[in-house]
Amino acid sequence: MISVCMATYNGEKFLREQVDSILAQLTTEDELVVSDDGSTDKTIGILESYNDSRIKIFHNQNNHGVNGNFENALRHATGDYIFLSDQDDVWLPNKVTTCKNALATADCIIHDCILVDSNLNTINPSFFLYHNSKEGFWRNLYRNSYVGCCMAFKKHILDTVLPYPNEIPVFQEGWIASIAAWKWNVRFIEDKCILFRRHNLNESTTGTKSKLSISRKIYNRIKLLYLVLFRIYANK
C-alpha cells in the first residue's frame, strides 16, 4: 500500500492538475494523505470535489509552516511506502512503478526530475545535472541534493524520523533523508518522474540559489548533524 503525503496551503492554482496526476497511478487500496495548514482559498473545496475515498484530508491546528504541515501528513500515513508530494507539481506516468521498483533494493530513493516554469515549460531537463546531485550523507550535508517531491521511502523510517525536532534548520526532506542516509540505504535514481514546478509562490527554495549567508549555512549544517546524531543514538 502507498501513502502519498501532501502538504497544502492556498494551492488552488495548480492543485487539481497535481491531484489528477497522482490519483491516476494509485490503486483502490492506496491513499493520498493531505494536511492543510489553514487554506483560505478553494484548496479544500477542490479536494472534496473529487469525492474519492482515497483522499484523506487532515486539518493542521493553527499554521505550522511547511515542516509542521508535512509532519502532520506523515503522522496519518498508513501505507508501507511513503511518497512525498508538493501541491503544485505534476507526476509523470512512470512515478509510482519506478519508485516501487527502486525501493526493492533501497530504504529511501530520490529520483531525478524536470524543472519547469508555472506553465510547465522546461527550464532544465535534469535537476540532478543542474544541481550536480550525488549520493552520500556527508556530500549532502555539504551541498543538499535531497528534493522532497522526488523522495519515496519505506514506512519503518518514520519510527526514527518522527517526531520532528524543534527548529529543524532545513526543509523536512533534508531531515528525513539525512536520517535515512546515516542509518539505512539511500539511492539516487536517474529516472525523471515529475515535472518540478518553480514559480514565485514556492515555499521551498530548492532549485534556486540560496540567499543565506555563509555563516548561517555553516550553522545550519552543524545543527543538522547534531540533531541527526542525537536522534540516531537516542533510538538505539
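1. Buried here means a relative accessible area under 20%, with exposed reserved for values over 50%. Asp112 has a relative accessible area of 2% and is therefore buried. The model under review is a predicted one.

2. Asp112 belongs to strand E6, which covers residues 108-116. The side chain of Asp112 makes a polar contact of 2.6 Å with the side chain of Ser126. Beyond its neighbours within four places in sequence, Asp112 touches several other residues, among them Phe127, Phe128 and Cys150. The contacts of Asp112 also include the run Ile189, Glu190, Asp191, Lys192, Cys193 and Ile194.

3. The cysteines come next. The structure contains 0 disulfides. Cys113 takes part in none, and its nearest cysteine sulfur, in Cys150, lies 3.7 Å away. Cys113 is at 1% relative accessibility and so counts as buried.

4. Why does Cys149 not bond to Cys150? The sulfur of Cys149 has its closest cysteine sulfur in Cys150, at 4.2 Å, which is too far for a bond, because a disulfide needs the two sulfur atoms within 2.5 Å. Cys149 is likewise buried, as its relative accessible area is 3%.

5. On the surface, Trp138, Trp182 and Tyr233 make up a nonpolar patch of about 360 Å². One of these residues, Trp138, sits in helix H6, residues 137-142. With a relative accessible area of 53%, Trp138 is exposed, whereas Asp112 is buried at 2%.

Definitions and conventions: Residues numbered from 1 in each chain as written. Predicted model: local features only at pLDDT ≥ 70, side-chain atom pairs only at ≥ 80, totals over all residues. Heavy atoms only, no water. Buried < 20%, exposed > 50% of the residue type's maximum accessible area, 1.4 Å probe, protein only. Patch = residues over 30% accessible without salt bridge, like charges linked within 9 Å, V, L, I, M, F, W, Y side chains within 5 Å. Areas by Shrake-Rupley, 256 points an atom, 1.4 Å probe, with all protein chains shown as cover. Salt bridge = Lys/Arg side-chain N within 4 Å of Asp/Glu carboxyl O. Helix = DSSP H or I, 4+ residues; strand = E, 2+ residues; numbered from the N terminus. Polar contact = N/O pair within 3.5 Å; in protein donor to acceptor, adjacent residues only side chain to side chain. Contact = heavy atoms within 4.5 Å.
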